[in-house]
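Q: Could you walk me through this one? I'd like to start with the fold and then get to the side chains.

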Amino acid sequence: MAAISVAFFYFLYGRLDGLGAKIDTLGGRIDTLGGRIDEQGRSLGARIDALSGRVDAQGADLGARIDALSGRIDAQTARIDALSARLDDHTARHRHVG
């Protein structure tokens, strides 16, 4: 009976040792995948930073263009106001004459 218990113990020990080796192998694979994920995350972060910089630059360029157009619109509005004042003045003079 003791021989069976010892044999069974060695059998279980061998099975557990095999499972431990498989677990170690899986742990190594998980570490490898974790390293790849870290690399890809850093690469993606760098791409996002580059795109963010481009978006910022384009936003600044667009802001400058909008400011320039706004200045041109303001100048045209001032010209229209001046022409409108001249028209009002001209209309007022011709009313008194006739």
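The chat below goes from the overall shape to the aromatic residues.

A: Happy to, with the caution that this is a predicted model.

Q: How many helices and strands does the protein chain have?

A: The protein chain has one helix and zero strands, and that helix, α1, covers residues 2–97.

Q: What radius of gyration does the protein chain have, next to a compact globule of 98 residues?

A: The protein chain has 41 Å, where a compact globule of 98 residues would have a value near 13 Å; along the principal axes, the C-alpha trace spans about 135 × 25 × 10 Å.

Q: And what share of the residues is buried?

A: Buried residues make up 0% of the 98 in the protein chain, which exposes about 8,900 Å², with 62% of that area supplied by carbon and sulfur atoms.

Q: Switching to side chains, how many aromatic pairs are there?

A: The count comes to three aromatic pairs. In one of them, the ring centres of Phe9 and Tyr10 lie 5.8 Å apart with the planes at 65 degrees, so this pair is edge-to-face.

Q: Are Phe9 and Tyr10 buried or exposed?

A: Phe9 is exposed, at a relative accessible area of 51%, and Tyr10 is exposed too, at 55%.

Q: What about Phe9 and Tyr13?

A: Phe9 and Tyr13 form a stacked pair, 6.5 Å from centre to centre and with 25 degrees between the planes; they sit four residues apart in helix α1, about one turn of the helix. Together, Phe9, Tyr10 and Tyr13 form one aromatic cluster.

Q: Last topic, how far apart are the mean positions of the positive and negative charges?

A: For the 13 positive and 13 negative charges of the protein chain, the mean positions are 7 Å apart.

Technical notes: Residues are numbered from 1 along each chain as its sequence is written. This is a predicted model: local features need pLDDT of at least 70, side-chain atom pairs count only at pLDDT 80 or more; totals for chains, interfaces and linings use all residues. Side-chain values use heavy atoms; hydrogens and water are left out. Rings of Phe, Tyr and Trp (its six-membered ring) pair if their centres lie within 6.5 Å; planes under 30 degrees apart count as stacked, over 60 as edge-to-face and the rest as tilted. Buried means under 20% relative accessible area, exposed over 50%, partly exposed in between (1.4 Å probe, protein chains only). Helices (H or I, at least four residues) and strands (E, at least two) are DSSP runs, numbered from the N terminus. The radius of gyration is taken over C-alpha atoms; the globule rule is 2.2 Å times the number of residues to the power 0.38. Accessible areas come from the Shrake-Rupley method with a 1.4 Å probe; for residues, only the protein chains shown count as cover. Lys and Arg count as positive and Asp and Glu as negative; His and the chain ends are not counted. The place of a charge is taken as NZ of Lys, CZ of Arg, CG of Asp or CD of Glu.
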